[in-house]
Amino acid sequence: EGEEQERRRKEEASPESDEAWLNVLGQLFLPLYQELENLAGLGDKLDGYNTLILMVFISDRLLKLEERGAMISYLDHTLKAIYLFVKSHFEKFVNNARLNILERKPPRGGKCGVLPSILMFKEFADRAESVISASDRKLELDKAYLTLIGAVFSNIENIPREQYKTPHDVIKFENYHRILDILSRLKIACLENSRDEAKKRYRDHRRHYVVRCLGRPLEKLSTFFEGIESLISSGMKPDVVGYRLEYSKTELRKCIKEYPGKEVKKGLEKLYRRVERDVTEELGLLQVVWGSMQEAFIEQLRHFKTLMDQCYPGSNITLEFSIEDVLEYFGSISQSR
C-alpha cells in the first residue's frame, strides 16, 4: 500500500500531470484569459504607458517564481500568456511614439528653442523610470529607449534650414545640449553611447556656430597674415617675408592702425547682439557661447603674434590692444547686458 501511494504521488507531480491540470483549469476558467486580455487592451487605450506598467508587473512576478523554482499556478500560467499580448501592445506604443518623434516639428518663425521631440522623449523616460527600479532593468524598455533616442537624433538632424530664424547650428547645439542633460540625469547604461554622441555633436555644432559667427573680425589683418602664410607655405623663409613690398613693416603698421581698441570693442558689442538674437536665453547657453567666442578670438590674436615674431623679429611691432584688453572687452560687454 505504501508503494502504491508513492507511485501516485510521483504521477501527480510529473510534468504530464501539471499539463493535464492546466488543461482542466483552462476549460473551467476559459473566460479568464479573455477578460485579462480585455483589461490590458482597455488600459492600453486609456494610456499607452499602462502597457509598460503591466509588462513590468508580470515579468517581475514570473521572474521571482523562476528564481524560487516554485511550481507555476494556473493564474501565473495565464499571466505568462497575457505577457506576450501586453508586450506586443507596448511595442506598438513605442513604434507610434517613434513616428511621432520623427514627424514632430516646432512652430515656424521666431527662435526654435527645445524641439517637441526632446520633450516627448523626456516624458517617456520620466514615466518609464517611475515604474522600474535601476537594479531591475528590462530588456524591452532598453530596446524602447534605443529606438526613441535614435528617432530624436534623426529629428534634430532633419530640421529644415529655411523654416526658422534660428541658425541651423544653434538649433542643433541647443537641442543636443538639452538631450545630453537628460541622458546625464537618467544614467542608463544602454544610453551611455548616445550620451557621448550627444556631447560630441553639441560641441561640434557650437564650434561651427562660433567660427561662422565670429568670422574675420579683423578683416584686413586676417587677409594680410593669410598672404604671409601662403608665402611661407610656398617655401619662403619667414624672416625674409618682410622684404616683400606688400608685406613690409610699413604695410603691417597701416593694417594695425585700422584696429584701435575702441573699434575692436564696438565690433565685439555688435557680435554679442547677434549672439543674443540667435541663442535661446532659457537654455542658459548664451554665456557659454560668448566664452567660446572669446577663446576663438584670443586664439586668432596669438596666431597673429606668432607670425609677427617669426616674420618681423626685433621690430617690436604690436597690435594697438593687448589680450588683457580683449578679456576686459568681453567681460564688460556680457556684464552690461
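**Exercise 1.** Determine which residues Leu-221 touches, leaving out residues up to four places away in sequence.

*Solution.* Contact is taken as heavy atoms within 4.5 Å. The model is a predicted one, in which local features need pLDDT of at least 70 and side-chain atom pairs count only at pLDDT 80 or more, while totals for chains, interfaces and linings use all residues. Residues are numbered from 1 along each chain as its sequence is written, and side-chain values use heavy atoms, with hydrogens and water left out. On this basis Leu-221 touches Leu-252, Cys-255, Ile-256, Tyr-259, Phe-304 and Leu-319.

**Exercise 2.** Place Leu-221 within the largest nonpolar core.

*Solution.* A nonpolar core is a set of buried Ala, Val, Leu, Ile, Met, Phe, Trp, Tyr and Cys residues joined through side-chain atoms within 4.5 Å, where buried means under 20% relative accessible area, exposed over 50% and partly exposed in between, with a 1.4 Å probe and protein chains only. The largest core holds 93 residues, and Leu-221 is listed with Phe-121, Phe-124, Ile-179 and Met-293 as touching the most other members. Helix H13 (residues 286–311) gives the most to this core, with 11 residues; helices are DSSP runs (H or I, at least four residues), numbered from the N terminus.

**Exercise 3.** Describe the setting of Lys-262.

*Solution.* Lys-262 lies in helix H12 (residues 261–278). Its relative accessible area is 63%, so Lys-262 is exposed. The C-alpha atoms of Lys-262 and Phe-321, which are 59 residues apart along the chain, are separated by 8.9 Å.

Technical notes
Helices (H or I, at least four residues) and strands (E, at least two) are DSSP runs, numbered from the N terminus.
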